Amino acid sequence: MQTPRKSKSAAFPPAGAGDLRDRLQPQQYRRWATEAKAEIVAETLAPGANVSASAKTVGAGALGSHSGAAPYQTDGGAPFRPIETAPALPIASELFRALNEAGVRYGIIQDLASVHDGFAGRDDLDVLLDKHDYPLFCSIVCQLHGRRGVSLSCYDNVCAGREDWFLPDFTHGRYLHLDMHIGARVGREFRKRYPAFDYAAITRWEAICVDGVSVPVVSPEDELRIAIARFAFRASALPWRQWIALDEEHFARLPSTSDEHGLQVVDCTFDGARTVRCRFLRSADGLAAHRGDLARLRRSIREMCGYTGRFAIADAAVHLARKTCYLALRSLHRLLPGRFPPKRRPAAGGFVVALIGPDGMGKSTQADRLRQIFGWKFGCAQVYVGTGDGNGWRLRKALQTVVSPHRRRLKSLAQNDGSDSSGRAWSKGGLVAAALAFWAVLIAFERYAVVKRAHRWSTRGMIVICDRWPQALGRGYLDGPTIPARLFSVPGLSVLARLEQRLYEKMAERRPHLVLHLVSDFAVSEQRKPGDIRKEAFDARLSLMAELRAKDKDIRTVDASAGIEAVGQELFRHIWLSL
């Protein structure tokens with residue numbers, strides 16, 4: 001039985017080749033996963049299955065195999081079949097091994113049908129932690145290069161005692177998301193104020209094995225209590241309806257026995273509160289809960305937490321205000337992307353990273369991959385600072401489309417810098433040179449606006465992945481100034497040349513937080529983009545990059561001759577360690 005959780009609208013992080021989820025659209029996956037989870041739970045509760053057995057196994061090899069050995073096994077002989085082939089990240093076993101060796105009291109409070117997605121870095125792992133072990137937990141996670149996420153207060157996942165922690169797995173270029181709870185709180189979706197459960201309130205823990213490491217998981221009866229308590233505050237129906245419809249996916253572990261009318265009864269007991277009997281009705285229309293029982297359960301939990309009186313009205317008002325703010329922000333994010341802080345950001349704040357290299361090094365491909373990986377849970381944006389096929393001003397791209405077929409002829413005409421002051425050739429060449437100077441200034445203004453936007457987004461907490469970055473050291477290469485130096489002496493054009501130089505100097509002052517140089521030899525570039533760049537121009541770019549690294553010792557280099565996955569993992573490692 002899966003505890004009620006909000007649907008994930010964010011994109012899943014990129015998965016390995018051959019992954020089943022890669023061949024399904026998100027909507028198709030959700031429909032298919034629901035049916036598979038229901039089948040798994042049905043097998044678990046089938047007659048003869050020992051639900052309380054603790055010999056369950058989850059491993060990288062098992063999860064990626066279709067052999068006779070089931071990835072989840074119980075002593076009763078009822079196998080758990082995998083929803084999809086998804087190996088557990090090595091960082092998961094490393095984390096839980098460290099927690100076990102340190103004696104940290106913790107447990108996972110989610111069902112086995114979805115827990116392997118958390119181990120694979122594709123979903124949250126709901127971890128319940130004993131309050132006294134919180135400092136030790138933070139110390140272990142930080143030793144594993146963990147980072148904490150911070151969310152805006154108006155969102156539904158913000159409540160006391162809950163934190164987002166992320167652990168990187170550098171061998172796969174992905175990260176593990178821990179939804180850490182010091183106490184499981186219940187309440188309205190945007191008003192979870194009642195600490196109904198803590199670590200000591202869990203009556204029994206079971207255990208599963210992740211790559212040889214034992215991990216405690218909540219027992220079915222405790223998981224059912226948490227699910228009912230959460231749903232009691234989220235249930236809604238018309239005032240005259242006595243029964244409230246439920247999502248059977250979240251309550252599949254209800255007792256299978258019922259009377260002839262399909263009525264099932266579950267006793268909900270909380271520490272310090274009276275026992276409340278909750279009635280559930282199973283019919284052809286689905287599963288429903290009794291409204292009066294849920295109301296009594298809500299009152300019991302409020303009294304247990306010390307809230308007496310008419311707190312239901314206050315909860316509804318706060319919930320409505322926060323949900324209104326949430327919906328408004330979501331709408332504004334769609335209409336004006338980047339103008340408002342993202343839902344979740346790193347605790348250290350936003351970050352700007354620039355990928356720089358010659359053509360054929362895979363800058364655009366890696367920038368897009370990194371945006372997908374970090375954008376799974378964090379606010380992440382991708383910007384393009386070049387003048388190629390990436391995004392840019394519509395005016396500049398329209399002019400570029402018109403002028404591009406005549407680029408070589410225009411450059412040859414512009415070579416006349418005024419040495420021949422008479423004749424038609426000078427006037428035509430000078431006119432073209434002036435047009436190209438205006439064009440260079442237009443590009444400089446566009447790049448300056450992009451640089452300012454990237455830093456503005458980072459101050460709002462976003463991770464900004466920049467494809468290229470302007471430099472003011474060398475002309476004509478690596479997105480630097482393009483007006484030739486000889487035009488500084490030509491009357492009229494010298495003003496444009498100085499304006500362009502000033503803009504690039506301002507951009508040079510706004511450095512990224514991290515600069516990564518993708519380097520390789522010319523053969524790699526020629527193989528990936530045949531004929532796109534000459535060897536002389538390629539070597540000139542590498543020489544300029546070496547000069548930039550000599551001036552800035554913080555620039556990192558990455559070998560771009562390796563495969564896409566290997567380069568992506570190295571880039572991920574550099575970015576994560578700099579967050």
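This passage describes a helix, the cysteines and a nonpolar surface patch in a predicted model.

Helix H7 comprises 14 residues, from 291 to 304, and spans 20 Å between its first and last C-alpha atoms, a length close to the 20 Å expected at 1.5 Å a residue. Among the residues of H7, those that are buried are Asp-293, Leu-294, Ala-295, Leu-297, Ser-300, Ile-301 and Arg-302, so that the list holds charged side chains, namely those of Asp-293 and Arg-302, as well as nonpolar ones such as Leu-294, Leu-297 and Ile-301. The helix is followed by Gly-306, for which the phi angle is positive, near 85 degrees.

With a disulfide taken as a pair of cysteine sulfur atoms within 2.5 Å, the model contains 0 disulfides. For Cys-142, the closest cysteine sulfur belongs to Cys-138 and lies 6.3 Å away, which is too far for a bond; Cys-142 is partly exposed, with a relative accessibility of 45%. Cys-325 is likewise in no disulfide, the nearest cysteine sulfur being that of Cys-154, at a distance of 4.0 Å. The relative accessible area of Cys-325 is 37%, and this residue is therefore counted as partly exposed.

On the surface, a nonpolar patch is formed by Leu-332, Leu-335 and Leu-336, which together present about 270 Å² of accessible area. Of these residues, Leu-335 lies in helix H8, which covers residues 311-335. Because its relative accessibility reaches 67%, Leu-335 is classed as exposed, the cut-off for that class being over 50%.

Technical notes:
Residues numbered from 1 in each chain as written. Predicted model: local features only at pLDDT ≥ 70, side-chain atom pairs only at ≥ 80, totals over all residues. Heavy atoms only, no water. Helix = DSSP H or I, 4+ residues; strand = E, 2+ residues; numbered from the N terminus. Expected span 1.5 Å × (residues − 1). Buried < 20%, exposed > 50% of the residue type's maximum accessible area, 1.4 Å probe, protein only. Patch = residues over 30% accessible without salt bridge, like charges linked within 9 Å, V, L, I, M, F, W, Y side chains within 5 Å. Areas by Shrake-Rupley, 256 points an atom, 1.4 Å probe, with all protein chains shown as cover. Salt bridge = Lys/Arg side-chain N within 4 Å of Asp/Glu carboxyl O.
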